[in-house]
Amino acid sequence: MTTASPASATAQYDYDQQDASGATCTAHAWAKVPAPLTPVQRRELKARAAELLRARGAVLVAHYYVDGDLQDLAVETGGCVSDSLEMARFGRDHSAQTLVVAGVRFMGESAKILSPAKRVLMPDLDATCSLDLGCPSDAFNAFCDAHPDRTVVVYANTSAAVKARADWMVTSSCALPIVRHLHAQGRKILWAPDRHLGGYIQRETGADMLMWNGACIVHDEFKGLELELLRREHPKAKILVHPESPQQVVEQADVVGSTAQLLKAVIELDAREFIVATDNGMFHRMRQAAPGKVLIEAPTAGNGATCKSCAHCPWMAMNALQGVIDCLAQGQGEILVDEPIRSRAEGCIRRMLDFVAAQPAAAIAQPMATGMGAA
Ligand code: SF4
């Protein structure tokens with residue numbers, strides 16, 4: 001373990017980015033990302049998927065990072081496009097008995113944990129997340145066993161088995177007020193898995209946080225130095241940053257927040273240009289909600305001969321219209337979460353939802369914080 005400051009420390013665990021042969025963890029995912037569709041194919045597949053959603057009494061719950069056609073399909077058929085917090089609430093509260101979750105696996109699991117009587121389907125069960133992969137439950141349980149005096153707070157991007165061990169689940173929409181609340185009660189925190197989000201919250205709250213050493217492979221790629229150079233080219237642009245990004249990037253932000261909070265900032269801030277450090281799938285909804293505003297991707301290392309560094313999640317990109325059709329037509333891609341893992345995991349999610357319901361304005365409506373450029 002390395003000690004970063006008296007109030008924050010990082011565990012020795014890290015995410016293994018390569019397998020034994022040196023292949024990156026995302027090679028499998030990129031290989032499954034479907035080829036772009038022609039306009040005719042898009043129209044036909046969308047119509048077929050909409051028909052099946054209606055016929056099966058199902059509702060589509062999509063994340064902001066998935067393909068724009070899926071986002072549009074969700075809106076047009078009475079589903080929702082949102083961040084993981086709102087996805088969980090929407091799926092729980094909707095009357096449909098079949099939920100199709102377009103996103104990554106932990107989102108489908110959260111839907112099933114909250115709605116065990118509903119059928120939860122996903123377009124591709126292989127769609128996962130580097131944060132989830134980097135926090136295996138056996139190692140995480142050992143980490144918790146070694147620190148029984150700490151309140152266990154986990155990010156939504158974890159497996160059901162990890163959530164089953166947690167006291168609280170948080171999303172990036174509500175992590176800051178929940179940790180602030182726990183810190184005010186004098187609690188010491190064990191945080192997992194995202195080291196950048198955890199570090200940001202620790203700096204903002206001063207809480208005593210022992211941290212797992214995971215990262216999102218998309219946000220981890222944003223570069224502080226290159227962002228500084230880009231800002232000089234666009235001096236009037238507001239900088240919007242998701243807190244899964246490295247500290248050097250977060251420190252340059254006008255607004256730090258979840259996807260929903262960054263969307264709100266694009267709509268409401270009196271600026272024409274925005275440099276956005278989050279998955280570029282988000283731009284689809286931002287462009288629809290704020291036409292006329294100029295959105296610029298925050299810089300990553302770019303594509304090289306041996307690696308791919310871009311602002312897009314390969315697991316989110318695996319979600320496709322054909323996958324929605326296949327899961328509804330053939331009943332494939334069903335999410336199942338065994339008891340007693342499910343009921344144990346439900347406790348930490350419900351605690352978060354109850355907290356947010358009691359303080360909706362503090363937790364959700366406001367961006368998490370403003371940085372140096374204070375909007
Ligand atoms: S964008 Fe990052 S945090 Fe989100 S699913 Fe992909 S790897 Fe996980």
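Biologist: What is the strand order of the open sheet that holds strand 11, and which way does the pairing run?

Modeller: In this predicted model, the order of that 4-stranded sheet is 12-11-13-14, and the pairing is parallel. Strand 12 (255-256) and strand 14 (294-297) each have a single partner strand, so they stand at the edges, with one side of each left without a neighbour in the sheet.

Biologist: What makes strand 13 and strand 14 a pair?

Modeller: Two strands pair if DSSP finds at least two bridges between them. Strand 13 (residues 273-277) is joined to strand 14 by 4 bridges, so the pair meets that cut-off. The two strands run parallel, and Phe274 stands opposite Leu295 of strand 14.

Biologist: Which helix packs on this sheet, and which strands does it touch?

Modeller: Helix 13 packs there, in touch with strand 11 (238-241), strand 12 and strand 13. The direction of helix 13 makes about 165° with that of strand 11.

Biologist: Which strands stand at the edges of the sheet that holds strand 4 and strand 6, and why?

Modeller: The order in that open sheet of 4 strands is 4-3-5-6, with parallel pairing. Strand 4 and strand 6 (119-121) stand at the edges, because each has a single partner strand and one side without a neighbour in the sheet. From one strand to the next, the twist averages 20°.

Biologist: How many bridges hold each pair in that order?

Modeller: Strand 3 and strand 4 are joined by 3 bridges, with Ala62 opposite Val81 of strand 4. Between strand 3 and strand 5 there are 5 bridges, and Val59 has Leu99 as its bridge partner in strand 5. Strand 5 and strand 6 share 3 bridges, where Thr98 is partnered by Arg119 of strand 6. The cut-off is at least two bridges, so each of these counts as a pair.

Biologist: Why is strand 5 called largely enclosed?

Modeller: Of its 5 residues, 4 are buried, so strand 5 is largely enclosed by the rest of the structure. A residue is buried if 20 or more other C-beta atoms lie within 10 Å of its own.

Biologist: Which residues of helix 4 are buried, and what do they pack against?

Modeller: In helix 4 (residues 84-93), the buried ones are Ser84, Leu85, Glu86, Met87, Ala88 and Gly91. They pack against strand 3 (58-63), strand 4 (80-82) and strand 5 (98-102), among others. Helices are also on the list, including helix 5 (105-114), helix 13 (259-268) and helix 17 (341-358).

Biologist: How many residues of strand 7 are buried, and which strands does strand 7 pair with?

Modeller: Strand 7 (residues 151-155) has 4 of its 5 residues buried and is mostly covered. With strand 9 it shares 4 bridges, and Val154 has Ala192 as its partner there. With strand 8 (residues 168-170) strand 7 shares 3 bridges, and the partner of Val153 is Trp168. Both joined strands run parallel to strand 7.

Biologist: What makes helix 10 mostly covered?

Modeller: The count does: 9 of the 11 residues of helix 10 are buried. Among them are Arg195, His196, Leu197, Tyr200 and Ile201. Just after helix 10, Gly206 takes a positive phi of about 75°.

Biologist: Is the peptide bond from Ala192 to Pro193 cis or trans, and where does Pro193 lie?

Modeller: That bond is cis, with omega near -5°. Pro193 lies in the loop between strand 9 (189-192) and helix 10 (195-205). The bond from Glu339 to Pro340 is also cis, with omega near 5°, and Pro340 is in the loop between helix 16 (321-330) and helix 17.

Biologist: Which residues are closest to the ligand, and which elements contribute two or more residues to its shell?

Modeller: The ligand is surrounded by 14 residues, the closest being Cys129, Ser130, Cys216, Val218 and Cys313. Helix 6 (130-133) and helix 15 (314-317) each give two or more residues to the shell. By class, the shell has 10 nonpolar, 2 polar and 2 charged residues.

Biologist: How do you know where the ligand lies relative to domain 1 and domain 2?

Modeller: Domain 1 (2-19 + 131-216 + 340-365) and domain 2 (33-127 + 315-330) both give residues to the shell around the ligand, so the ligand lies between them.

Key. Residues are numbered from 1 along each chain as its sequence is written. This is a predicted model: local features need pLDDT of at least 70, side-chain atom pairs count only at pLDDT 80 or more; totals for chains, interfaces and linings use all residues. A residue is buried if 20 or more other C-beta atoms lie within 10 Å of its own, exposed if 12 or fewer, and partly exposed in between; C-beta atoms are placed from the backbone. Two residues are in contact if their C-beta atoms, placed from the backbone, lie within 7 Å. A residue is near a molecule or strand if its C-beta atom, placed from the backbone, lies within 6 Å of it. Ala, Val, Leu, Ile, Met, Phe, Trp, Tyr, Cys and Pro count as nonpolar, Asp, Glu, Lys and Arg as charged, and the others, Gly among them, as polar. Domain bounds come from an automatic or database domain assignment. Axes are lines fitted to C-alpha atoms, for helices over the stretch in contact, and angles run from 0 to 180 degrees between N-to-C directions.
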